[in-house]
Amino acid sequence: MHKLLKISKHTFGMGDRFAHQGLAQLRAIMLAREAGYPVSPVWNKSNREHTIVHSQPDDLRAEADAAVAALGWQDDYYVDADHIGLQTVDRFLASSNFFTLDVADFTGKPADAASLSAFADSMAAYLGELAIPGIAPALVLTADAVGAAAAKFLLAMQEAGRIYRYLAEHKGADNFVTEVSVDETDSPQTPVELLLILAMLAREGVPVQTIAPKFTGRFNKGVDYVGNLAQFEREFDEDLSVIAYAIGEFGLPASLKLSIHSGSDKFSLYPIINRLVKQHAAGLHVKTAGTTWLEEVIGLAEAGGEGLALAKAVYAGACARFDELTGPYATVIDIDRAQLPDPDAVAGWSSDQFAAALRHEANCAEYNRHFRQLIHVGFKVAAELGSRYTDALVANADIIARNVTDNLFERHLTPLYSCNTVS
Ligand SMILES: [Zn+2]
């Protein structure tokens, strides 16, 4: 049917702001393989992030290829042009084999009347109770729900079609994986909306292999999930059933799976995801990014000396530019300024104090999620330090790498894939 580069069933996305941790990240994937977790690496970086740190998509490709060569990785791996659109995709064409089509800007805007009615007609046969295996009581599809979803998402999925066709033309349809993301929208999508979005993508001829909905609850950057775990579990379970149904019903690729954006550090969700993905024998993509940058800062702090001084400088700089740095992330961070330590006090902290406040160990009394979220968005400060920052990454490479690898393997991949995870 569709020509495409088929993605592996289980993939794990990793971001690396300053392009120094590729080896440490791949080591975490290799530890996961040794433990029997069937996961393949994806290196992802958004256009927004490239712009802030002044890197190029080719740099990420070079980093991934170098890590793969150095560690002798024999299996598949991907380089993800994360959150791109027609305006930004060109410089990613050569280096990426995975494209995350971000069509959030096109949601909520109406498609033309003919398209809207054609979509409504195409769903007429599905109105009423949907016999989706695994979902009971059955979801009910109404004409109103079809109309509302089309009004909100049809133009966006048509745009996904335009981006996909542009990629197929310039890259070759069998040379890349297509992800569609609607996570950066105002409200979460219900399982019924997910089904309708997939129907729209199928009609547009987009061979979507990973779909990133916005799930219920708060997926704040670098910290744990905040929301109703029972509701998340019910909807995630239904989403998995919807995906399996959509593959058969709409002729989408058999490799289609859910992608969880802002997926790092959602420790309370991992046991639920682990269990449900196994129950459904489903695939999974989890996208992480800034959690690796936070481990860099932890490693620098632990190193002491210039490393600790840099970690403190990042925090002081982020405090001084709070509004500028947090503004673009307003919907994905929740920082209570009253809970932030005074930068003058932090200036006197030891390595252990700094690392304990930043490291994501919720049971540690010193852990401070407000401090952590502010540093998460503070990478612009480090970027502006230029070679002073990157020289410190080189000088302290070992201690940083240990933190990066342990974080991804022990706190992320193990609870996501281990058979011994209890929830
Ligand atoms: Zn996203």
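How do the axes of α8 and α17 cross, and within what distance do they come? They cross at roughly 35° and come within 7 Å. This is a predicted model, and helix α17 is a good place to start reading it, with α8 and α9 as its partners here. After that come the pairing of α4 with α5 and a couple of backbone details in loops.

**Helix α17 on its own**
- α17 runs over residues 397-417, which gives it 21 residues.
- From first C-alpha to last, α17 reaches 28 Å, close to the 30 Å expected at 1.5 Å a residue.
- Look for a kink of about 25° in α17, centred on F409.

**α8 against α17**
- On the α8 side, the residues that meet α17 are Y270, P271, I273 and N274.
- Their partners in α17 are P415, L416 and Y417.
- Sorted by class, this contact has six nonpolar residues, one polar and no charged ones.

**α9 against α17**
- α9 takes in residues 290-303, and its axis lies 8 Å from that of α17.
- The two helices pack at an angle of about 140°, and because of that α9 counts as oblique to α17. The cut-off that matters here is 145, since angles over that would be roughly antiparallel.
- As for handedness, the α9 and α17 crossing is right-handed.
- α9 brings T291, T292, E295, E296, I298, G299, L300, E302 and A303 to the contact.
- α17 answers with I399, I400, N403, V404 and N407.
- The class split for α9 with α17 is six nonpolar, five polar and three charged.
- If you're wondering about the spacing in such lists, an α-helix has 3.6 residues a turn, so residues three or four places apart point the same way.

**α4 against α5**
- Helix α4 covers residues 113-123 and helix α5 covers residues 143-171.
- Their axes come within 10 Å and cross at roughly 120°, so α4 is oblique to α5.
- α4 goes past α5 in a right-handed crossing.
- S115, L116, F119, A120 and M123 are the α4 residues in this contact, and they meet V146, G147, A150, L154 and Q158 of α5.
- Seven of the residues in the α4 and α5 contact are nonpolar and three are polar, with no charged ones.

**Backbone details in loops**
- The peptide bond between A136 and P137 is cis, with omega near -5°.
- You'll find P137 in the loop that links β5 (128-129) and β6 (140-141).
- D265 has a positive phi, near 65°, and is a residue other than glycine.
- D265 sits in the loop between β9 (257-260) and α8 (270-280).

Definitions and conventions: Residues numbered from 1 in each chain as written. Predicted model: local features only at pLDDT ≥ 70, side-chain atom pairs only at ≥ 80, totals over all residues. Axes fitted to C-alpha atoms, helices over the stretch in contact; angles between N-to-C directions. Helix = DSSP H or I, 4+ residues; strand = E, 2+ residues; numbered from the N terminus. Parallel < 35°, antiparallel > 145°, perpendicular 65-115°, else oblique. Left-handed = near helix turned anticlockwise from the far one by under 90°. Contact = placed C-beta atoms within 7 Å. Nonpolar A, V, L, I, M, F, W, Y, C, P; charged D, E, K, R; others polar. Expected span 1.5 Å × (residues − 1). Bend = angle between axes of the 7 residues up to and from the residue.
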